[in-house]
Amino acid sequence: MIKVQEEDFDVGQEIKNLTQENHAIGGVASFLGLVRDIASNEEISAMTLEHYPGMTEKMLAEIEAEANRRWELDASLIIHRYGRMEPGEQIVLVITCSKHRKAAFESCEFLMDYLKTKAPFWKLEETSEGGKWVDARDSDDTAASRWIET
Amino acid sequence: MKILYFAWLRTTIGKSTEEITPPETVKTVSDLLDWMPSLGENYSSALEKRDLLRIAINQEYADPEHVIKPDDEVALFPPVTGG
């Protein structure tokens, strides 16, 4: 399931929603991304996430379908927020549910690595010197490239 | 065709979307990026780092050789930084 939304979310409730009707699930892995107050040694007062409505949902659905092709998952969820957020706020949540932990752990990491390099989101950080667009990091490409099937 | 700009491309060009009609010689994404700087100084400065840019045609990533059609939705944006 894909949710692209401005509002905050409740991690516990989201896990419960995925698991309560499906008792074949034996393990749940999750990743929760938060807004930090420091980036590149600069203090951040807030961050605004811009995205490409339509393509965002399409890319996230493709990434989720790919994870379900590679691993046997009983349920999965990606929530990504957009708009203005302050340090400590939740930005992104990935949950994967499977019979055993290995598929849940691996697919959760895969989803985050792919999301970071493919989903059309851009971060604008607010610092004391004004707004600054965040540069993409090579390490994110490296993290995603290890999942390339040979 | 409809064209969309995001992040610093949007702020440099000064708009998020517009309708453009490139000349007939513009066949591919790469041709489009060659032609766009002629639209003004804001376009040429936005396209200075064109090797860095990502292109989506109808909401799917596309290569520079991708052929574009008049009713396509073309999006130009910097590498993504979500998550």
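Visitor: So how much space lies in the largest pocket here?
Guide: About 1000 Å³. A pocket is an open set of points on a 1 Å grid over the protein atoms alone, where a 1.4 Å probe fits, with protein on both sides within 12 Å along at least five of seven lines. The volume is the space filled by probe spheres set on the points, joined across faces, edges and corners.

Visitor: Anything I should know about the model?
Guide: It's a predicted model: local features need pLDDT of at least 70, side-chain atom pairs count only at pLDDT 80 or more, and totals for chains, interfaces and linings use all residues. Residues are numbered from 1 along each chain as written, chains are lettered from A and ligands numbered from 1 in written order, and side-chain values use heavy atoms, without hydrogens and water.

Visitor: OK, how many residues line that largest pocket, and which lie nearest its centre?
Guide: The lining has 39 residues (each with an atom within 4 Å of a point), and A:Lys116, A:Lys123, A:Val134, A:Arg137 and A:Asp140 lie nearest the centre.

Visitor: Which element gives the most to that lining?
Guide: H3(A), with 6 residues. Helices (H or I, at least four residues) and strands (E, at least two) are DSSP runs numbered from the N terminus.

Visitor: And the second largest pocket, how much space lies in there?
Guide: About 160 Å³. Chain B residues line this second pocket, among them B:Met1, B:Ile20, B:Pro22, B:Lys27 and B:Pro70.

Visitor: Switching topic: how many residues does each chain bring to the contact?
Guide: Chain A brings 27 residues and chain B brings 21, where contact means heavy atoms within 4.5 Å.

Visitor: How much area do chain A and chain B bury between them?
Guide: About 1900 Å², with 57% of it on carbon and sulfur atoms. That's the accessible area (1.4 Å probe) lost on putting the two together, summed over both.

Visitor: Which three residues supply the most on chain A's side?
Guide: A:Tyr52, A:Trp122 and A:Trp133, which supply 34% of the area chain A buries against chain B.

Visitor: How many salt bridges are there between the chains?
Guide: There are 2 between chain A and chain B. In one, the side chains of A:Lys58 and B:Glu60 meet at 3.8 Å, N to O. The cut-off is a Lys or Arg side-chain nitrogen within 4 Å of an Asp or Glu carboxyl oxygen.

Visitor: Which elements give two or more residues to chain A's side?
Guide: In chain A, they're strand E5 (46-51), helix H2 (55-70), strand E8 (90-98), helix H3 (101-118) and strand E9 (121-127). H3(A) gives the most to this side, with 5 residues.
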